[in-house]
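Notebook, salt bridges. I wanted to know which charged side chains pair up, and how buried they are.

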Amino acid sequence: MKVSIKSAEEIALMREAGKILASVHQNLAKEIRPGMSTADIDRLGEDMIRSYGCIPSFKNYLGYPASVCVSVNEEVVHGIPEKHRMIEEGDIVSLDAGVIYRGYHSDAARTVAVGNISTQAQLLIERTRESFFRGMKMARAGRHLHDISRAIGDYAESFGYGVVRDLCGHGIGSSLHEEPEIPNYRKFRRGVKLQPGMTLAVEPMINIGTKDVFWAENGWTVVTADGALSAHYENTILITEGEPEILSLTEEEKEAFGMAKA
């Protein structure tokens, strides 16, 4: 397996793609409210992406029909926006989006609370996000890919959550999906050695109940097998000589989460 090492010029383009996507997520999350349709969310997201002169990574990718994957409650990922699917008070909504900036991709996801949600749902969102940052502590040159996977999975499973195994993170660059695949759970093999210049999309998908999922009839939407809530958190990252650079965070998020500024 060959994992691409990005040049300084490529990293600069991916850094800008990540910055734009971070802003899109921040602004889109502010717009989510009861009474919107998931199609409304997708339209807003696409308009935001294109306002930066970027192309939505997901639209028409392998036939996916929208720019933002909008997954509600028990939907894990790849929810297809629909004009008749309405958002309600108490829902949790996972927004997964990507942008193409001058030929290079950034990919990120957030799970957003709609109004007042249950304590159980809030903890799921927070712990899913924290599992990502636990993984980041292992995202260092010289370590191995599955050190990240182990840190994510062990943290999430310590709460009794189900860590989805049928889907994983991935490399990213001039293609949306590149090598390597990045599991979110402990593996017996170490995986590839991490090197500066690797760019990865790390994305924990965590369920309150079972880890098991199924694909809906539309062929895209992945749903928890027991109907329990699921949360998703993803960023595009760069492996460096020191701490990883998280490309798809706003400066406010970097400060809040204690990450070095780009």
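Before I start on burial, I note the cut-off: buried means under 20% relative accessible area, exposed means over 50%, and partly exposed lies in between. The model is a predicted one.

Entry 1, the total. I searched the whole structure for salt bridges and got 12.

Entry 2, E46 and R50. I looked up this pair and found a salt bridge, with the closest N and O atoms 2.8 Å apart. Both residues sit in helix α2 (residues 38-51). They are four residues apart, about one turn of the helix. Is E46 buried or exposed? E46 has a relative accessible area of 13%, so I call E46 buried, as 13% is under 20%. R50 comes out at 42%, so R50 is partly exposed.

Entry 3, K6 and E178. This is another salt bridge, and its closest N and O atoms are 3.2 Å apart. Which parts of the chain does the pair link? I find distant ones: K6 is in the segment before α1 (8-31), while E178 is in strand β8 (residues 178-182). The two are 172 residues apart. I checked burial here too, and both K6 and E178 are buried.

Entry 4, E157 and R165. They form a salt bridge, the closest N and O atoms being 3.2 Å apart. E157 has 34% relative accessibility, so I log E157 as partly exposed. R165 has 32%, so R165 is partly exposed as well.

Entry 5, shared partners. I then looked for a network, and salt bridges with partners in common join E46, R50 and K59 into one.

Definitions and conventions:
Residues are numbered from 1 along each chain as its sequence is written. This is a predicted model: local features need pLDDT of at least 70, side-chain atom pairs count only at pLDDT 80 or more; totals for chains, interfaces and linings use all residues. Side-chain values use heavy atoms; hydrogens and water are left out. A salt bridge is a side-chain nitrogen of Lys or Arg within 4 Å of a carboxyl oxygen of Asp or Glu. Buried means under 20% relative accessible area, exposed over 50%, partly exposed in between (1.4 Å probe, protein chains only).
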